[in-house]
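Subject: Structure handover

Hi,

Here is the structure I promised to pass on. Could you open it next to this email while you read?

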Amino acid sequence: MRYMVTYDLMETFRNTNQWLGATARTMASYPAWAMMPNPAMQWMAAWGEVTERTFERMIVKPAWGIRTFTCKDGRDHLVEIETVVERPFGNLIHFKVAGREEQPRKILLVAPMSGHYATLLRSTVKSLLVNCEVYVTDWHNARDIPVSAGKFDVEDYTLYLMDFMRAMGPDTNVIAVCQPVPLTLAATAYLAELDPDAQPRTLTLIGGPVDPDATPTDVTDFGRRVTMGQLEETMIQRVGFKYPGVGRMVYPGLLQLASFISMNGDRHASAFLNQIQNVMRGDASDHDPHNRFYDEYLAVMDMPAEFYLSTVNRIFKRREIAQNDFHVAGHKVDMGAITRVAVKTVEGANDDISAPGQCIAALDLCTGLPDEKKASHVEPGAGHYGIFAGRSWRNNIRPMVLDFIDSNAGDAPRSGKAKPKPANTNVA
């Protein structure tokens with residue numbers, strides 16, 4: 001019960017701050033105060049507006065906001081988000097551009113399950129939508145998943161990815177970003193063993209911890225310093241009565257957010273003080289740079305406890321992927337089974353989350369893959385975010401990845417008429 005009490009206390013703290021912000025904004029905006037102009041009231045109203053929005057965003061799943069797309073014909077086409085595979089812990093979704101011919105490049109973008117929603121890759125999706133058919137793994141917030149849906153750990157995650165790849169067919173090009181990189185590699189290797197015809201054509205791994213010890217960072221050092229008992233005691237809580245997942249053990253998104261902010265506390269504090277001043281001067285807007293960034297950054301989701309703990313234990317501590325000793329449902333997955341899927345790794349020279357060396361380790365694990373099917377790139381001056389959504393991605397990495405996909409376009413048979421159809425399968 002104490003785990004549930006702690007979860008509800010965190011939600012109470014968030015809710016109280018949202019209420020305080022709304023109250024301060026409303027009181028300071030009372031019309032009568034206009035008769036006696038007072039900078040303190042302006043500051044109070046601005047503080048309230050920023051505070052209310054900040055704490056409200058923490059429980060809101062951001063919208064994709066990709067409504068239309070301008071095609072080569074010069075017309076705006078509607079973008080429909082259709083569900084291809086529906087599962088309790090995550091769906092496979094397709095961004096379908098209505099009225100546009102199906103694009104030859106079919107891309108599965110594997111989004112992280114690391115505290116933020118898949119919408120964190122919104123700009124990545126937009127950039128690929130220009131000339132690709134884009135599919136995304138849309139993971140669900142664990143607090144909204146009933147306990148009856150069962151567990152979800154790194155093995156279940158791997159099996160989900162395998163099912164998504166099967167649904168899309170062998171002409172798929174997979175791009176995995178950050179956290180799912182090692183598990184996407186394992187899913188591809190497992191498919192190579194069990195169902196070779198369902199393998200994707202190419203696999204692009206961007207900034208992921210295949211071998212966390214290759215180049216240690218603060219993130220990997222944290223995984224080494226703490227014991228699993230300490231993690232379970234301090235990080236895991238039970239969902240409270242407010243949500244459908246009541247009773248489910250989770251790693252709360254609010255706790256993850258606190259960790260994110262503490263890493264750059266001074267910078268975040270300065271950003272919010274500047275935003276309060278902008279609101280006072282009337283220079284802020286609903287979609288100004290501050291709100292665009294923090295509306296996404298503050299929106300966090302809970303992770304299943306078993307997924308978080310198994311990630312730390314098996315990926316970071318025991319390094320099962322790095323040592324080619326990863327098991328799924330009792331079966332040892334051999335990364336050397338990948339023999340025909342072209343693999344490319346992308347790293348950022350200034351990445352302080354998954355430093356250069358951690359991702360490229362995947363190529364050494366693919367012992368059955370010819371060298372001509374392996375490629376790697378380290379982007380100069382790029383940090384973690386920049387390699388999949390920033391300037392480096394737009395100007396250099398995206399064109400390079402698409403060239404890599406095109407250069408291997410004939411390496412696997414095209415399915416031709418195997419176009420995934422929306423399906424609602426609630427099978428765990």
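Below are my notes on strands, salt bridges and a few odd spots.

First, the ground rules. It's a predicted model, so local features need pLDDT of at least 70 and side-chain atom pairs count only at pLDDT 80 or more, while totals for chains, interfaces and linings use all residues. Residues are numbered from 1 along each chain as its sequence is written, and side-chain values use heavy atoms, with hydrogens and water left out.

Strands
Helices (H or I, at least four residues) and strands (E, at least two) are DSSP runs, numbered from the N terminus. Two strands count as paired if DSSP finds at least two bridges between them. Strand S3 (residues 90-97) is a good place to start: seven of its eight residues are buried, where buried means under 20% relative accessible area, exposed over 50%, and partly exposed in between (1.4 Å probe, protein chains only). On one hand S3 pairs antiparallel with strand S2 (residues 76-85) over six bridges, and S2 and S3 make a hairpin with four residues between them. Val 79 has Val 97 in S3 as its bridge partner. S3 is also joined by six bridges to strand S5 (residues 132-139), again antiparallel, with His 94 opposite Tyr 135 in S5.

Further along there's an open sheet of three strands, ordered S8-S9-S10 with antiparallel pairing. Strand S8 (237-238) and strand S10 (303-304) are at the edges with a single partner strand each, so one side of each has no neighbour in the sheet. Strand S9 (residues 249-251) pairs with S10 over two bridges, and Tyr 251 sits opposite Met 303 in S10.

Salt bridges
The cut-off here is a side-chain nitrogen of Lys or Arg within 4 Å of a carboxyl oxygen of Asp or Glu. That gives 25 salt bridges. One of them joins Glu 52 and Arg 25 (2.8 Å, N to O), linking helix H2 to helix H1 across 27 residues. Glu 52 is buried at 17% relative accessible area, whereas Arg 25 is partly exposed at 29%.

Arg 87 and Asp 163 also meet, at 2.8 Å, N to O. Arg 87 is in the loop between S2 and S3 and Asp 163 is in helix H4 (residues 154-168), so this pair ties together parts that are 76 residues apart in sequence. Arg 87 is buried, at 12%, and Asp 163 is partly exposed, at 25%.

Then there's Lys 151 with Asp 156, whose closest N and O atoms are 2.6 Å apart. Arg 53, Arg 57, Asp 286 and Asp 295 are linked in a salt-bridge network.

Odd spots
Most residues other than glycine have a negative phi. Cys 178, not a glycine, has a positive phi of about 65°. Cys 178 lies in the loop between strand S6 (172-177) and helix H5 (181-194) and is buried at 13% relative accessibility. Ala 329 also has a positive phi, about 55°, and is in the loop between strand S11 (326-328) and strand S12 (331-333). Unlike a buried residue, Ala 329 is exposed, with 65% relative accessible area.

One last spot to look at: Met 36 is in the loop between helix H1 (2-28) and helix H2 (39-57), and is exposed at 52% relative accessible area.

Cheers
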